[in-house]
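Hi everyone, thanks for coming. I have one structure to walk through today, so let me put it up on the screen.

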Amino acid sequence: MRPITALVPFALATALTAPAFAQEAPRPGTISIEGRAEVTAAPDTAFVTSGVTTQGETAREALDANTKAMADLIAALKASNIEAKDIQTSGFSVNPNYVYSDERDANGYSKPPKIAGYQVSNAVTVRVRDLPSLGQVLDKAVTVGANTINGVSFSVADPSKLYDEARKAAFVDAKEKADLYAGVAGVSLERILSISENQNFSQPPQPYMMKSAMADASGAVPVQAGEMSFSVNVSVQWELAEGK
């Protein structure tokens, strides 16, 4: 008799003889946390926009008056130790002054306005680096003829160190939050996968006071500089591992 041979399906035989493939390790989870920090500092620089507005029957007359007054203003600013590079023209305009009438023509339409003189405005934006002298600069500007002051703003000339301080504190804030979440979840923080930041600065409204026109001309304008805040938001992503 012929011997009986058992036939094993090829696929099954392969499965029995080939080594088992190692299972892929589960990918670790991640956690992304935002941290925030804010630092404050007194400003050391001010920006003032001031100028002169003049009137005249003709544009030429208004311009000549304005040119003289602006020359006096700029000279006074330079005499207050403001360098030429810190004085920049920020606005200039020549506009007619219109007079409107209630009269109507034969067809019942209102008559067009008439030009009754001209107005010239010229303004400069000044950087005041010596902040304690700001009140005297404002006072002198008004004394020599500046009749428009559109505002005073403050800044810190070099905020880089302030931002660095905020960055460190913001990262610490993010790390503390991440440690808290990881502890509650029973995992641990591993390597950092990414860090990104967003920075901004803000200054709460700080009123500044200008003396009355009837005040003693020898006194400087009182100014309140207040403080400015610089904040950084940082987003950090960590890889997670099973708790140790």
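Let me start with a question: is Phe230 buried or exposed? Phe230 counts as buried, at 2% relative accessibility. Please keep in mind throughout that this is a predicted model.

Phe230 has a partner, and I would like to show you that one next. The ring of Phe230 and the ring of Tyr163 have their centres 5.5 Å apart, and with the planes at 90 degrees the pair is edge-to-face. Tyr163 belongs to helix α4, residues 160-185, while Phe230 sits in strand β7, residues 228-242, so the pair ties together parts that are 67 residues apart in sequence. Tyr163 is buried too, with a relative accessible area of 8%.

How many aromatic pairs are there? The count comes to 3 aromatic pairs. Another of them brings together Tyr98 and Tyr100: the ring centres are 6.5 Å apart and the planes stand at 45 degrees, so this pair is tilted. Here the surroundings are open to solvent to some degree: Tyr98 counts as partly exposed at 44% relative accessibility, and Tyr100 is exposed, with a relative accessible area of 64%.

Let me step back to the whole chain for a moment. The secondary structure comes to 4 helices and 7 strands, and along the sequence they follow the pattern α-β-β-α-β-β-α-β-α-β-β. Of the 244 residues in the chain, 28% are buried. If you take contacts between residues at least 6 apart in sequence, 81% of them join residues at least 24 apart.

Now back to β7, this time for its strand partner. β1 and β7 run antiparallel and are joined by 12 bridges. As one spot to find on the screen, Ser32 stands opposite Gln237 in β7.

β1 itself, residues 30-41, is a nice one to colour by burial. In a regular strand the side chains alternate between the two faces of the sheet. Along β1, Ile31, Ile33, Gly35, Ala37, Val39 and Ala41 point to one face and are buried. Thr30, Ser32, Glu34, Arg36, Glu38 and Thr40 point to the other face and are not buried.

Next stop, helix α3. Which residues of α3 are buried? They are Leu134, Gly135, Val137, Leu138, Asp139 and Ala141. What covers them includes β2, α2 (59-79), β4 (114-128) and β5 (148-155). Just after α3, Gly145 takes a positive phi of about 130 degrees.

That helix also takes us to my last topic, empty space inside the model. Searching the whole structure turns up 1 cavity of 30 Å³ or more, and about 40 Å³ of space lies in the largest cavity. The lining is made up of Val48, Ser50, Leu77, Val126, Val137, Leu138 and Ala141. Two elements give two or more residues to that lining, β2 (45-56) and α3 (134-143). α3 gives the most, with 3 residues. By class, the lining has 6 nonpolar residues, 1 polar residue and no charged ones.

One thing to take back to your desks: Val137, Leu138 and Ala141 are among the buried residues of α3, and they also line the largest cavity. Thanks for listening, and I am happy to rotate the view for anyone who wants another look.

Methods. Residues numbered from 1 in each chain as written. Predicted model: local features only at pLDDT ≥ 70, side-chain atom pairs only at ≥ 80, totals over all residues. Heavy atoms only, no water. 1 Å grid on protein atoms, 1.4 Å probe; cavity = no way out; pocket = protein on both sides within 12 Å on 5 of 7 lines; lining within 4 Å. Points joined across faces, edges and corners; volume = space filled by probe spheres on them. Nonpolar A, V, L, I, M, F, W, Y, C, P; charged D, E, K, R; others polar. Phe/Tyr/Trp six-rings, centres within 6.5 Å; stacked < 30°, edge-to-face > 60°. Buried < 20%, exposed > 50% of the residue type's maximum accessible area, 1.4 Å probe, protein only. Pairing = 2+ DSSP bridges. Contact = heavy atoms within 4.5 Å.
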